[in-house]
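Trainee: Got a minute? I'd like to go through this model with you.
Mentor: Sure, put it on the screen and ask away.

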Amino acid sequence: KTAGSVDWGCRVLNRGFIRGDVRIHPRCSQLVTSCNHWQGGDTGQDGELKHAIDAARYIATEAMGESGGYAGLHM
């Protein structure tokens, strides 16, 4: 990971949620739980929640990170 990539990925996901470009299917219960409860940490329960968000972040930055309304979010 490059410096700032986690923050950038979180910004991409947050903008996608706000714009409606990113939605989570209700059956993706682990990701829904992670998004609802992750506090930004890497250890303990927070670290366990982060795994699903990491996967979503990688997908979002690859799919949308350099496009239109998202390119300006890069550090």
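Trainee: Among contacts between residues at least 6 apart in sequence, what share joins residues at least 24 apart?
Mentor: That share is 56%. Keep in mind that we're looking at a predicted model.

Trainee: Noted. How many helices and strands does the chain have?
Mentor: Three helices and zero strands. Going along the sequence, the pattern reads α-α-α.

Trainee: What about the radius of gyration, how does the chain do against a compact globule?
Mentor: It agrees: a compact globule with 75 residues would come out near 11 Å, and the chain has 12 Å. The C-alpha trace spans about 35 × 30 × 15 Å along its principal axes.

Trainee: And how much of the chain counts as buried?
Mentor: 35% of the 75 residues. As for surface, the chain exposes about 5000 Å², and carbon and sulfur atoms supply 54% of that.

Trainee: Let's switch to α1. What span should that helix have?
Mentor: Helix α1 covers residues 5–19, so its 15 residues at 1.5 Å each should span 21 Å. The C-alpha atoms at its ends are 21 Å apart, which agrees.

Trainee: Why 21 Å, if there are 15 residues?
Mentor: Because the expected span is 1.5 Å times one less than the number of residues.

Trainee: Okay, that clears it up. Which residues of α1 are buried?
Mentor: S5, W8, G9, C10, V12, L13 and G16. The buried residues of α1 pack against α3, which runs over 44–64.

Trainee: Is there a general reason for spacings of three or four, or why do such residues point the same way?
Mentor: An α-helix has 3.6 residues a turn, so residues three or four places apart point the same way.

Trainee: V6 isn't in your list. Where does V6 lie, and is it buried or exposed?
Mentor: V6 lies in helix α1, but it is partly exposed, because its relative accessible area is 23% and buried means under 20%. If you want a distance along the helix, the C-alpha atoms of V6 and I18 are separated by 18 Å, with the two residues twelve apart along the chain.

Trainee: What happens just after α1?
Mentor: G20 comes there, with a positive phi of about 85°.

Trainee: Now the core. Which residues touch the most other members of the largest nonpolar core?
Mentor: V12 and M64, out of the 15 residues in that core. Both α1 and α3 supply at least two residues each, and α3 gives the most, with six.

Trainee: What is V12 in contact with, leaving aside its neighbours within four places in sequence?
Mentor: A60, T61, M64, G65, Y70 and L73.

Trainee: T61 is on that list, so tell me about it: buried or exposed?
Mentor: T61 sits in helix α3 and is buried, since its relative accessible area is 15%. Beyond four places in sequence, T61 is in contact with W8, G9 and V12.

Trainee: What does the side chain of T61 reach?
Mentor: The backbone oxygen of Y58, at 3.2 Å.

Trainee: Last one, S34. Where is its place, and which residues does S34 touch?
Mentor: S34 is in helix α2, residues 29–37. Not counting residues up to four places away in sequence, S34 touches L49, A52 and I53. S34 is buried too, with a relative accessible area of 0%.

Terms used: Residues numbered from 1 in each chain as written. Predicted model: local features only at pLDDT ≥ 70, side-chain atom pairs only at ≥ 80, totals over all residues. Heavy atoms only, no water. Helix = DSSP H or I, 4+ residues; strand = E, 2+ residues; numbered from the N terminus. Buried < 20%, exposed > 50% of the residue type's maximum accessible area, 1.4 Å probe, protein only. Contact = heavy atoms within 4.5 Å. Polar contact = N/O pair within 3.5 Å; in protein donor to acceptor, adjacent residues only side chain to side chain. Core = buried A, V, L, I, M, F, W, Y, C linked by side-chain atoms within 4.5 Å. Rg over C-alpha atoms; globule rule 2.2 N^0.38 Å. Areas by Shrake-Rupley, 256 points an atom, 1.4 Å probe, with all protein chains shown as cover.
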